[in-house]
Each structure stands twice: as structure tokens, then as C-alpha cells.
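Work through the exercises below with the sequence and the model open. Each task is followed by a solution in steps.

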Amino acid sequence: MRFAAERRDFFQVLCQCPQHKQAAHYARSSWPAWMPRLAFEPARRGVRGDVLVVVFLRGAADALNIVVPHGEPTYYTNRPTLAIPRPDDRKASENSRAVDLEGFFGLHPAMAPLLPAWQEGHLAVVHACGAPDDSRSHFKAMELMERGLADLGGPASGWINRHLASLDTGNSSPLRAIGFGEAAPRSLRGVIPVSALRSIAEFHLGGEPEIAGMLKGGLAALYSGDDLLAGIGRETLRILETVEQLDPQGYRPESGLPAYPASDFGAALRQVAMLVRADVGLEVAAIDLGGWDTHFAQGASDGLMAGLLADLAGGLSALHADLAGSLNRLTVVVMTEFGRRVQENASLGTDHGHGSLMLLLGGSVEGGRVHGSWPGLSQGQLFGPGDLAVTTDYREVLAEVCRKRLNNPAVDQIFPGFAPGRAGFVR
Amino acid sequence: MDRRQFLRLAGSVAAGAGVAACSPLYRQLSGLPGPSQAWPSISLADFRGLSRLTYGPLPAERTQILKNGLAAWIEEQLSPAGIQDEGVEWRLRPLDALWLGADSLSSWEAEDVILQLQQGALLRQVYSRRQLLERMVEFWTDHFNITVRKGDGWFLKPADDREVIRAHALGDFGELLWSSAHSPAMLVYLDNQANLKEAPNENYARELLELHTLGVEAGYTQQDVMELARCLTGWTVKRHFWGGQFRFDADLHDPGSKRPLGLQIQPEGQREAERVLQRLAEHPATALRLARKLVRRFVTEQDDGSAAALAKRAALALQKTNGSIAGMLRVVLLDGLAGTQTIWGPKMKRPVDVVASALRLLSADTDGGEALQQALQAMGQPPFQWPTPDGPPDDSPFWSTNLLPRWNFAIALARNEMKGTRLDLPALLGPLAPPDPQAALDTLEELLLGVPLGPAERDSLLAALGEGAGQDPAGLPSLVTAGLLASPAFQWR
């Protein structure tokens, strides 16, 4: 062996244990003591609930142009260029007008594909919804929201991971929680090992099958520790096995249904649908949609943001149609870190604001309604230098989803320091 | 042979049809070790320190540490100009985009420029002898993040990489900040070229305060952001005939007086924001924030008393030396890594670390090209493409959730299935005939991990791979290499 004798002594001294076996264990499991370990506390048992799909609009989406308060005159005086025309505005072309929802609010025209879901009572809006944080910093706001906290002290884990850790549904599937993309979002990270994946069809170990087979054996040996990385490694191997039994390329939604958009978002939602139908134990899927930081040339009924909304609405409506038979066990939540200023800036965009909105889609949603208490957009009703106020804390909505749709009453662990008061967003 | 002759020879060697055919000369030029060279054993602490400071500790570096110690090596690396680096320079010569200005590059294909930029970065990480400089280039590239995927970024970033980041990486922070603020790539990325007196755009002003200098906890207000944005109106980029140069347009500039961060700024055109930049560079909150990031990057992610104390000392050093980045870094590295009581803590390798350290430690011959860049993308860190201004995170849990692409990279590299990259495992392992699994594993462990695997792990790894040995003995080294590259131990540094 060519290793310096002093190195072995180093291990022994550090571990304060004479056995070489222990020293080697240190060398192998170098997971630092202060980082999350695999959960070993028994969680509360419960029946599995809905499949939860969390869609995070990254960049602070402009809520006022997604669900438009067309009944509010100050919306129009503040946005001479960016406002979406009223549903009855004859001077505007028909397909540029807001699609009326209930007389005061309307959908951005690019969101029209979601109108059937609204009419069937499967789509709910919570407006003037958001978080207490007013830093208007993307990074701070996202971190707090994904950790489910009001300030930076508190658990480093994500709220979804705390939900998974506090409820034992008897589900040992490696696909219990998935982040779509190259990294799982913070909301999903914590003591329960979670993987990111981009594409189920491409989720296989490279090389010829015999090589892959041999390496899988080697990897299982290497990832056998009790630290979180070993846990993630083992889950990855189990996902590889599970995926082999699926046929992702062969999955086609029923003909006649709206097609998923040909975007990463559409692909992610199609895979969610496939996993739901294949009944492989998916409980949570997290999907990010970026590009919402529209400081500049945001566009109104057409343009930059309209394109993003077309992708969002196209994907969600395709999912809604594709899983029509399973809607009573699906809850989709759409959220963003904060909203944007009421007044447009002179770059034809909007700057960072405060209040935003959440969308809920599913068979047990109290749909066909705009929830929350509308604070108004007049001078005295705004927050800070001109932002929509927050009248519903985002955790009210998520706490109720956890309790009623995910059968997890441990909201005090999921959202520490928060006492839910409101209800009525889901059944 | 003088430098010009050397470069001409290097050029002709590079242009030659089979570089590998000129093996000995090529190895000397590229700085690769010769075959079956004895790998000097160093202490675990030094291996870990070197793994932070380099993209993988090579034999020459290990030898130097054994001779002079880590502190002396750090000191040498803090003055990169004194380190000869022809080995990497001739590999970079074909990458013309690295040397061109925005106006020339704008007529290129975007994908070609982006690929060359990425190749340049990876080749330097793998082959440069100025390893600490390259680590700091990576640090500042993240800190002053710009994505080439937004707008004109792709033809503006090469000049930024050269004249902002590389020129000042171990220089003066005030000059680095100044240079970044005047950089067309940065102004366009954060929309400041659209920051006009009648149409103020806060994006750059906000990130300048939040990410580049003070930090969100320093106590500045929304009003400060808006006032700084007003100072920065008119800071734009020449558009005529694909200019791509910085330009202050007085017509677009807000002429009033401003009050950002408690500073009374009189109307003075371009000088207004420049005054604020100077104050930001010298502000103690900036120094502390930079020091904390450096401690996190080089020493430990654990946020405890010792790390905080180290950051404080480093921040003071920045202020005492009037902005010397090397001065601040010296404190972080000597106290944090080279002292007898280091507070070193493990860090998960980011994708760039995985790829660069694998190539470097296995003495790969590579062009840094597409196959590797695709691997980096699959792992989540395609260089120069992080979309948000905070840059790719320096956070171990973030990088831990996507193992499969790392495993696939390990397999492809070890089996020489990546176009443009070649491993010569037989040469690396020395003359071992027939290939002895134990010896192969020993050698590779030492190279790649610096520590042995545990006996239980190595036995089961050999058992799992040993079946392949029966069928294909020659393929065993590459299987063992793949296994080690994919192992948990290789994911740490």
C-alpha cells in the first residue's frame, strides 16, 4: 500500500478509535456532522393524499396581469401601456381583452385555455396573496418561501421535505418526491432524500447493459453509508430500476385532448401525468418556470409575458384534461416569490413589488372563485412605494392543502412559527 | 529556445495531425506528467487543502508541498505573474474568440463564441499552473454573474471575462468593481442600458447593492436602490455598428442631485455613480460579505464562530490593504487551510469541480469541447449560463440531488467515450502486466481520492467489477476508474 502511515494515524486520532475499520468509515462517510442526516425518527402514520404538483414561477410574476382586476379603475390609470383591456372594451381587439371570471377579475387572454377548468370549478385564484418579507430581493424571498419561514432563523430544510418527513404514508417508492430539472428546489430538500431528474426517458445509466449492470453493483456497494448522500445514491439506483419498467416514450395522452406545449414545462407535466397513471408512488412533483422578472418590455396582451403565460396555461390545461379521471387525487399549486409594482415603469416593464397571487388546480379545489380579500389599488391602499398589499399569507393556503389534501395535520412542523387561521381554499 | 520560437513550435505541434505522436514533447509542453511517475504521498490535510486551491492536486504540486509546505505554495500562487504557464497557452491558441472584442465577435455564430468561452475556462482549470488564479476567476465569475444566453451577452462576455474578471481576479477589489460596473456585458445583463432619466430601471442598481457589494442585510432601503439607479442613468453601451463599448450618454442621464445610502451626490454626470462605487468598494459591509463568501468557497460552509472570526480578520485585511484581494485571500487561506488548527470542512464538488478534477487527476488529454460541456449541462452547471445574478450556489445540499449525470460522466470518461477527450489509463497505471485489480485500485484511489476506500467498500467494489475482469481483463482499469469517479468520496473535496 502506498499511503503515508501518518494518514492512518490522522484518522485514528480524529475518530479517537483505534480500529482501522472505524478509521476507514470516517474516510468514507465524510458527510459533515452539521448537514442533514437521514430521518430516523418515526413519523406520524397516515393515508396517502393527493399528488401535489408545485409550480414555482421564478422571478416574481406580475400577478396583476395574470388575473386582471379589470373592475379597478386605478389599474388602468397606473398602466397606460401594460394594462390588459377590459372584457367589454370595444376599442381593443377581441383576443387582447381580459377573459372575465366573475365580474371584477379576468384572466389574461393567454390564460384562456384554463377557462374550462374555472367553469368546472377546478381552478381557484387566491389574489393579494404572498409573504410578509418585503425585501423585494428574489433570493431572500425565494429562500424564505421555500423554507416556509417568515425570517431566516429556523430550519434549513424545505417545507415540502418537512411534510414528507412528518407523514409516513407507507410509501417506500423512490419516486415519492421529484424535482424536475437539474437540481431539486430548496422546498424539496431536507432529511428525506430527493432526486432531481430532467427526463424519465433519458434516466438510465450509460454504457452497454452489461457494464451498467456491473457498475450498479459497484455503486450499491459504494453508496451504502448512513449519510444523506448515500441515501440519495440508493434512491437514484431504485429510480433507475423503477423507470426500466415504465415506457415513457410510449406514453401518449388520449387523442383529442389538448397537446402539452413543446417546452420543458410541457414535458415535465406530461411526465407527471405518466407517473400518476403508472401508479409508481409519486406524491410530490416540483417544477420551476423561469423568466418572470419582467423589468423591461414586459408586453401586455402580447409579448414577453404573454408567451410565458401561454406556456403555463397550455401545460396546466393539458394536464387537467389528461388526468380528468384522476382529478380528485390531484392538487396543483402555482406560486411566485412576490408580485410587481402597480405602476408600470418607463421601460414598459414593472419593478419588484409585494403582493402576488396563488393558483390552485384540482378536483377538490374550491374552484370558480377568487379567494382572499382584495385590498384595492388606490393611493392609501397600497403597500410601500406603490405595491399590491398582502391580505392572505401563502402559508394559509399551503397549510390547508397539507391538512386536507395531503392528510398531514403537522402544519406546526411544516410551517414553524405560523398559526393558520383561514380556510376554504380546498375541500 | 526563445519564447517566440517556443510558441511557433508549440503552434506547429498543436496544428500537427497527431499530437499524441509527438508524445514526449507534447507532454512537456502541456505539463502532463510522464508515464508511471511515482505519485508522492502527502498528508490528508494537505491533500484537502490543495483540493480547495486547485482543480485537483497534481504530482508536481504534491512534490512542492512535501518540499516547502502548503503556506509557501499559497504564497507563490498569490503572485501568478511569476508562474510560467506556456503549457496552457498553446492549448488556448485555437480559441480566437477569447482574444477578440465585441465588434469583431458580433459577426460570429453565437454558439461558436459560447463554446470557445467554455472551452477556455475548462482548459485553464485543467492545465494552468496558476491554479489559485483560476479558482479566483471562477469565484469572481460567479460573484459578478452574467449569462451569455440573454440578449447580446454572448458577444460581450469574452471581453468581460478578459478585462474585468481575469485582469483583476487577484488584484484590487475597487478596480474589479469599477471595471464590472463599466462592463457592457454587465450593463446589458442587468438592463442598465435601458436605465434612462425618464424611465429609470432599478435592476442593476439593486443587484449592485444586494449581490456585488453590501448585501441585503446591510440595511439599505428601497429608496437607496432607486437613488442609485438615478445615478446610473445614462450608463449604456454603444449600439452603432455593433459597438459594444461602454458609453455615458448625458442626454439619458437624470440631472438632479441624489441621495443614495446617505451620500449627498451633486450633479456630476458619470462621476456620480463612480463616487458611489468607490464608497461601496471601501464599505466594511462589503469587505465582510466578500470575506464570508471566500471562507465559504475555500474553507468551510459551516456558519459558526470560527468561520465568522476568520471572515472578520480577512475583511479587516481587505480594508487595511486598501482593497487587495490577495491580501484578504492570504488571511483566509493561511489561517483557514494551512495553519495547524484549520477549520476546514468538507464541500460537495460542483459539476465543474467533478469534471475538471477528473480530467486533471487522470492526466486526460482534452480540448474541453462539446461532450464535456454537455456533461456539465446535464449536471446543472453549464459555464456562463447561470440565469440569475446570484450565480451558481456555493452550497453542498444544493448540488447533492442529481447524481445520475455524474455517474454517466464517470462511465463515459473512463471508457474513453467522450469525443475530444482521451485517457491513457495504461500509461497512468504504469507497467502492470497482467492488470492487477488491487494495484490498479490502490493507484487510482491515491490519485483521485487521496485516501483509501474502506476495506469493506473496496472488496465489494472489486467483487462487483471482478466479473467483468473474467470477461475482459483489459477493461478492468476503466471500470475501476468509473467506479471511483462515481463514488461518494469523489463527490467531496
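## Exercise 1: a small sheet in chain A

Strand 4 of chain A and strand 5 (residues 106-107) of chain A run antiparallel and are joined by two bridges. The model used throughout is a predicted one.

Task: Find which residue of strand 5 of chain A stands opposite Val99(A), and find which strands stand at the edges of the sheet.

Solution. Step 1: Opposite Val99(A) is Leu107(A) of strand 5. Step 2: The sheet is open, with three strands in the order 3-5-4 (chain A) and antiparallel pairing. Step 3: Strand 3 (67-68) and strand 4 (99-100) of chain A each have a single partner strand, so they stand at the edges and one side of each lacks a neighbour in the sheet.

## Exercise 2: chain A as a whole

Task: State how many helices and strands chain A has, and what share of its residues is buried.

Solution. Step 1: There are 12 helices and 14 strands in chain A. Step 2: Of the 427 residues in chain A, 52% are buried. Step 3: Take the contacts in chain A between residues at least 6 apart in sequence; 74% of these join residues at least 24 apart.

## Exercise 3: two residues with positive phi

Task: Decide whether Arg136(A) is buried or exposed, and do likewise for Asn322(B).

Solution. Step 1: Most residues other than glycine have a negative phi. Step 2: Arg136(A) has a positive phi, near 60°, and Asn322(B), also not a glycine, has a positive phi of about 55°. Step 3: Arg136(A) belongs to the loop between strand 6 (123-130) and helix 5 (138-147) of chain A. A residue is buried if 20 or more other C-beta atoms lie within 10 Å of its own. Arg136(A) has 25 such atoms, so it is buried. Step 4: Asn322(B) is placed in the loop between helix 17 (305-320) and helix 18 (325-338) of chain B. Asn322(B) has 12 C-beta neighbours inside 10 Å and therefore counts as exposed.

## Exercise 4: the end of a helix

Task: Decide whether Glu244(A) is buried or exposed.

Solution. Step 1: Glu244(A) is part of helix 8 (residues 228-244) of chain A. Step 2: Because Glu244(A) has 10 C-beta neighbours inside 10 Å, it counts as exposed. Step 3: Ile200(A) is 44 residues away along the chain, and its C-alpha atom is 9.5 Å from that of Glu244(A).

## Exercise 5: an enclosed helix in chain B

Task: Explain why helix 14 (residues 222-231) of chain B is described as largely enclosed.

Solution. Step 1: Seven of its 10 residues are buried, so the rest of the structure largely encloses helix 14 of chain B. Step 2: Among these buried residues are Asp224(B), Glu227(B), Leu228(B) and Cys231(B). Step 3: Their cover includes helix 13 and helix 15 (270-282) of chain B.

## Exercise 6: the contact between the chains

Task: Find which helix of chain B gives the most residues to the side that touches chain A.

Solution. Step 1: The contact takes 57 residues from chain A and 58 residues from chain B. Step 2: Elements of chain B that give two or more residues to this side include helix 13 (203-212), helix 21 (404-414) and helix 24 (455-471). Step 3: Helix 24 of chain B gives the most, with eight residues. Step 4: The chain B side divides into 28 nonpolar, 20 polar and 10 charged residues.

## Exercise 7: confidence

Task: Locate a stretch of chain B where pLDDT stays under 50.

Solution. Step 1: Chain B has a mean pLDDT of 87, with 89% of its residues at 70 or more. Step 2: Over residues 6-37 of chain B, pLDDT stays under 50. Step 3: For the complex, the predictor gives an ipTM of 0.87 and a pTM of 0.87.

Technical notes:
Residues are numbered from 1 along each chain as its sequence is written. Chains are lettered from A and ligands numbered from 1 in the order in which they are written. This is a predicted model: local features need pLDDT of at least 70, side-chain atom pairs count only at pLDDT 80 or more; totals for chains, interfaces and linings use all residues. Two residues are in contact if their C-beta atoms, placed from the backbone, lie within 7 Å. Helices (H or I, at least four residues) and strands (E, at least two) are DSSP runs, numbered from the N terminus. Ala, Val, Leu, Ile, Met, Phe, Trp, Tyr, Cys and Pro count as nonpolar, Asp, Glu, Lys and Arg as charged, and the others, Gly among them, as polar. Two strands pair if DSSP finds at least two bridges between them. pLDDT is the predictor's confidence in each residue, from 0 to 100.
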